[in-house]
Structure formats: C-alpha cells, structure tokens
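Student: Please take one charged side chain in this model and go through it closely, then follow its connections outward. Keep to what can be computed from the atoms, and give the cut-off for each term.

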Amino acid sequence: MTTLDAVLLIVVIAFFAMTTLMRSRRTRLEREKYIRRYTFSSDMFSRIRAQYPALEEKDLYLVARALRQYFLIYLRAGKKSIGMPSKVVDIMWHEFILDTRKYTAFCKKAFGGYFHHIPASKSQKGIAIANSMKLTLKLAFLEENINPANPTRLPLLFAIDEKLKIPNGNIYRLPKN
C-alpha cells in the first residue's frame, strides 16, 4: 500500500465516520422535536382527572409537559435505565401505555423502538435504583438549563407531585453540595 493509498483510506474512513455521526445527530434531533411537539389525547387527560379530580386542565398540561421531559431524558440517556421521580407523571405514562397503538407508534418515532415500563418494585434494588434516579436528576437539570453543581430549584419532573399536591406523591429537596 502506497502512502497515497493510506491517505485515501484514512479520508474515506473519516468521511464515513463523519457521515454516520451527522446522521445519528440528525436522528436524535428529529426524535427530540417529535417528543416536544407530541400532543397527548384528551381521553388520557380525562382518565387522569378521574383519578385526581382536584387537577385543573392547566395542571394536566403541566403533567404532560413533565412526561415529555421524562421521555426526553430517556432519549438523552441513550436509553439507559432512568428513574421515574413522579407519581402523577408515572400514572399518565401508564394511561398512555394502555392505548397500545398510539404508544407503540410514539415509541417507534421517538426512540426507534418500544420503551418498556418497568415498575420500581420489579427493577433492581438499592444502588442501581439510586444511580438511575441520579442520572434522571442530572439530565432533568440539563433539560431545564439548571446548573447541577449549584441548582436554585428542582426540575419540574421532581417538583410536580408537591406542586400539584398529589396525595402520597413523591417529594424531593435540592441536593446539598
């Protein structure tokens, strides 16, 4: 192999690597855009309101926003295991899953495949759960442009149960540095 052949080979490999990287980034951005713009059904809102009659319509939109945030975190995490910090958002996710056709189609466009819901009671205990929740918090901070090293507030996904006064909801405090 001549020097020219070696240089050409390096250029071709670099070109394919760059093309693959750009395609991957474009796909992730398209998926992110799809999640951000997705409209949840009014039927799903009605089922949530049946479980939480005190929630107003604006509250339901806030829960939907938090669910979108959770999906964006999953996408950003590279489909690694993440924790679900909110009771009401988890219930909305359950309701979404029950509409299997819509949920399956959503997952295909948003993630490239099905995003399985694994209840906390069935997942790994202890350190694995703590680590997945830490990753969720870190990515939620980034999603809301909150400095994780010195946060001034909790992200919506971690604050929503307390904000909406969800009975037996999950309540978090800012981590101490």
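Tutor: E32 counts as buried, because its relative accessibility is 17% and buried means under 20% relative accessible area (exposed is over 50%, partly exposed in between; 1.4 Å probe, protein chains only). The model is predicted, so local features need pLDDT of at least 70 and side-chain atom pairs count only at pLDDT 80 or more, while totals for chains, interfaces and linings use all residues. Residues are numbered from 1 along each chain as its sequence is written, and side-chain values use heavy atoms, with hydrogens and water left out.

E32 sits in helix α1; helices are DSSP runs of H or I with at least four residues, strands are runs of E with at least two, and both are numbered from the N terminus. Setting aside residues up to four places away in sequence, E32 touches L72 and L75, where contact means heavy atoms within 4.5 Å.

The side chain of E32 also meets that of R28 in a salt bridge, at 3.2 Å from N to O. The term covers a side-chain nitrogen of Lys or Arg within 4 Å of a carboxyl oxygen of Asp or Glu. Both residues of this pair belong to helix α1 and are four residues apart, about one turn of the helix. R28 is partly exposed, because its relative accessible area is 31%, whereas E32 is buried.

A further salt bridge joins the side chains of R36 and E143, at 2.8 Å from N to O. This pair links distant parts of the chain, with R36 in helix α1 and E143 in helix α6, 107 residues apart. R36 counts as partly exposed at 39% relative accessibility, and E143 counts as buried at 18%.

Elsewhere, the side chains of E95 and R47 meet in a salt bridge of 2.6 Å, N to O. E95 is in helix α4 and R47 in helix α2, so this pair ties together parts that are 48 residues apart in sequence. E95 is buried, at 10% relative accessibility, and R47 is partly exposed, with a relative accessible area of 32%. To return to the starting residue, R28, E32, R36 and E143 form one network through salt bridges that share partners. The structure holds eight salt bridges.

Helix α1 runs over residues 3–37 and also contains T27. T27 is partly exposed, at 28% relative accessibility. Its C-alpha atom is 9.6 Å from that of A110, although the two residues are 83 apart along the chain.

Next comes the nonpolar packing. The largest nonpolar core has 48 residues, and F71 and F111 have the most contacts inside it. Helices α2 (42–51), α3 (57–76), α4 (87–98), α5 (100–111), α6 (127–143) and α7 (156–163) each supply at least two of its residues. The largest share, 12 residues, comes from α3. Such a core is a set of buried Ala, Val, Leu, Ile, Met, Phe, Trp, Tyr and Cys residues joined through side-chain atoms within 4.5 Å. In soluble globular proteins, nonpolar side chains tend to be buried together. Apart from its neighbours within four places in sequence, F71 is in contact with I35, F40, W93, F96, Y103, F106, F111 and F115.

F40 also appears in the lining of the second largest pocket, together with T39, S41, S42, F45, S46, R49, E57, L60, Y61, A64 and R68. Helices α2 and α3 each supply at least two lining residues, and α3 gives the most, with five. The volume of this pocket is about 160 Å³. On a 1 Å grid over the protein atoms alone, a pocket is an open set of points where a 1.4 Å probe fits, with protein on both sides within 12 Å along at least five of seven lines; lining residues have an atom within 4 Å of a point. Grid points are joined across faces, edges and corners, and a volume is the space filled by probe spheres set on the points.

As for the chain as a whole, it has seven helices and zero strands. Buried residues make up 36% of its 177 residues. Of the contacts with a separation of 6 or more, 66% are between residues 24 or more positions apart. The chain exposes about 11,400 Å², of which carbon and sulfur atoms supply 58%; accessible areas come from the Shrake-Rupley method with a 1.4 Å probe, and for residues only the protein chains shown count as cover.
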